[in-house]
Structures are given as structure tokens and as C-alpha cells.
Amino acid sequence: LSFDSFAKVLRPFMLGNHASEDIPEAFRLLDTDHSGTIDIGELAAFMPVIVPDANPYILLHHVQKADKNGDYKLNLSEFTDLIYKGIGRDIVLGRL
């Protein structure tokens with residue numbers, strides 16, 4: 001990701017619902033395969049930039065908190081919930 005794209009993704013993770021207008025763009029940037037969902041691999045590819053010791057198991061644990069349909073992926077609605085509930089911030093700060 002370019003620095004501008006990185007900042008667009010990081011902003012909602014850190015600011016939560018105070019950056020609600022940035023959530024759709026962050027989602028689009030993380031959804032690298034354009035499937036309409038963010039899977040663990042896509043999230044894991046971004047996270048080491050912020051949390052070098054992040055691993056897919058920790059990310060899966062956090063994704064499951066917002067994954068309403070149990071497919072281990074986040075659609076835009078689930079991603080928005082993840083951000084609004086502060087789970088994104090917990091991920092960035094390395095909290096379990």
C-alpha cells in the first residue's frame with residue numbers, strides 16, 4: 001500500500017466511529033481480491049506493517065467477534081461493526 005492508502009486504512013482502526021466516513025474506503029483497500037469480503041489473509045497482509053508480531057490466529061480471534069455469518073470473512077457491515085466496537089483498535093494495539 002502507498003502511504004496515503006495505509007493512512008486511509010489505519011484511520012478507522014484507530015479512530016473507530018469518529019472516522020465512519022473512512023470505513024468504506026478502508027474496506028475497499030483491504031479487499032485486495034475485490035470479493036466483497038476481507039479474509040484473514042488480506043487482513044494478515046496489512047497488519048504486520050502496524051503490529052509486526054501479529055499472527056493469523058490472533059486476527060481470526062478478533063474477526064470472529066464481528067463475523068456474524070461464521071464464514072471467517074468480513075463483509076462491509078461486519079467490518080463496520082468491528083471498527084465501531086473498537087475491535088480494530090484492539091488489533092492495532094495488540095490486545096487479545
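**Exercise 1.** In which hand does H2 pass H5 in their crossing: left-handed or right-handed? Describe the packing of the two helices as well.

Solution. The model used in these exercises is predicted.
Step 1: H2 passes H5 in a right-handed crossing.
Step 2: The axes of H2 and H5 are 10 Å apart, and the helices pack at an angle of about 115°.
Step 3: On the H2 side the contact is formed by Ile23, Pro24, Ala26, Phe27 and Leu30, which meet Leu76, Phe79, Thr80, Ile83 and Tyr84 in H5.
Step 4: Sorted by type, the residues of the contact of H2 with H5 are nine nonpolar, one polar and no charged.

**Exercise 2.** Describe how H1 and H2 pack, and classify their angle.

Solution.
Step 1: Helix H1 spans residues 3-15 and helix H2 spans residues 23-30.
Step 2: The two helices pack at an angle of about 125°, and their axes are 8 Å apart.
Step 3: Angles of 65 to 115 degrees count as roughly perpendicular and those over 145 as roughly antiparallel. H1 and H2 are therefore oblique to each other.
Step 4: The crossing of H1 and H2 is left-handed.
Step 5: H1 contributes Ser5, Lys8, Val9, Pro12 and Phe13 to the contact, while H2 contributes Ile23, Glu25, Ala26, Leu29 and Leu30.
Step 6: By type, the residues of this contact of H1 with H2 are seven nonpolar, one polar and two charged.

**Exercise 3.** How many residues does the largest nonpolar core have, and which helix supplies the largest share?

Solution.
Step 1: The largest nonpolar core has 24 residues.
Step 2: The residues with the most contacts inside this core are Val9, Phe13, Leu30, Leu43, Met47, Phe79 and Leu82.
Step 3: At least two residues of the core come from each of H1, H2, helix H3 (40-46), helix H4 (56-66), helix H5 (76-84) and helix H6 (87-92).
Step 4: H2 supplies the largest share of the core, five residues.
Step 5: Now take one core residue, Val9. Leaving out residues up to four places away in sequence, Val9 touches Leu1, Ala26, Leu29, Leu30 and Phe46.

**Exercise 4.** Locate Ile40 and decide whether Ile40 is buried or exposed.

Solution.
Step 1: Ile40 lies in helix H3.
Step 2: A residue counts as buried under 20% relative accessible area. Ile40 has 17% relative accessibility, so Ile40 counts as buried.
Step 3: Residues up to four places away in sequence are again left out. Ile40 then touches Pro56, Leu59, Leu60, Val63 and Tyr72.
Step 4: Ile40 and Leu1 are 39 residues apart in sequence, and their C-alpha atoms are 17 Å apart in space.

**Exercise 5.** Give the place, the phi angle and the exposure of His34 and of Tyr72.

Solution.
Step 1: His34 is in the loop between H2 and strand E1 (38-39).
Step 2: Phi of His34 is near 55°, which is a positive value in a residue other than glycine.
Step 3: The cut-off for exposed is over 50% relative accessible area. His34 has a relative accessible area of 65%, so His34 is exposed.
Step 4: Tyr72 is in the loop between H4 and strand E2 (73-74).
Step 5: Phi of Tyr72 is near 60°, again a positive value in a residue other than glycine.
Step 6: Tyr72 has 45% relative accessibility, so Tyr72 counts as partly exposed.

**Exercise 6.** Where are Gly86 and Gln64 placed, and how is each classed by accessibility?

Solution.
Step 1: Gly86 is in the loop between H5 and H6.
Step 2: The relative accessible area of Gly86 is 11%, so Gly86 is buried.
Step 3: Gly86 and Leu29 are 57 residues apart along the chain, and their C-alpha atoms are separated by 19 Å.
Step 4: Gln64 is in helix H4.
Step 5: With 41% relative accessibility, Gln64 counts as partly exposed.
Step 6: Gln64 and Val51 are 13 residues apart along the chain, and a separation of 19 Å lies between their C-alpha atoms.

Key
Residues are numbered from 1 along each chain as its sequence is written. This is a predicted model: local features need pLDDT of at least 70, side-chain atom pairs count only at pLDDT 80 or more; totals for chains, interfaces and linings use all residues. Side-chain values use heavy atoms; hydrogens and water are left out. Axes are lines fitted to C-alpha atoms, for helices over the stretch in contact, and angles run from 0 to 180 degrees between N-to-C directions. Helices (H or I, at least four residues) and strands (E, at least two) are DSSP runs, numbered from the N terminus. Angles under 35 degrees count as roughly parallel, over 145 as roughly antiparallel, 65 to 115 as roughly perpendicular and the rest as oblique. A crossing is left-handed if the near helix is turned anticlockwise from the far one by less than a right angle, and right-handed if clockwise. Contact means heavy atoms within 4.5 Å. Ala, Val, Leu, Ile, Met, Phe, Trp, Tyr, Cys and Pro count as nonpolar, Asp, Glu, Lys and Arg as charged, and the others, Gly among them, as polar. A nonpolar core is a set of buried Ala, Val, Leu, Ile, Met, Phe, Trp, Tyr and Cys residues joined through side-chain atoms within 4.5 Å. Buried means under 20% relative accessible area, exposed over 50%, partly exposed in between (1.4 Å probe, protein chains only).
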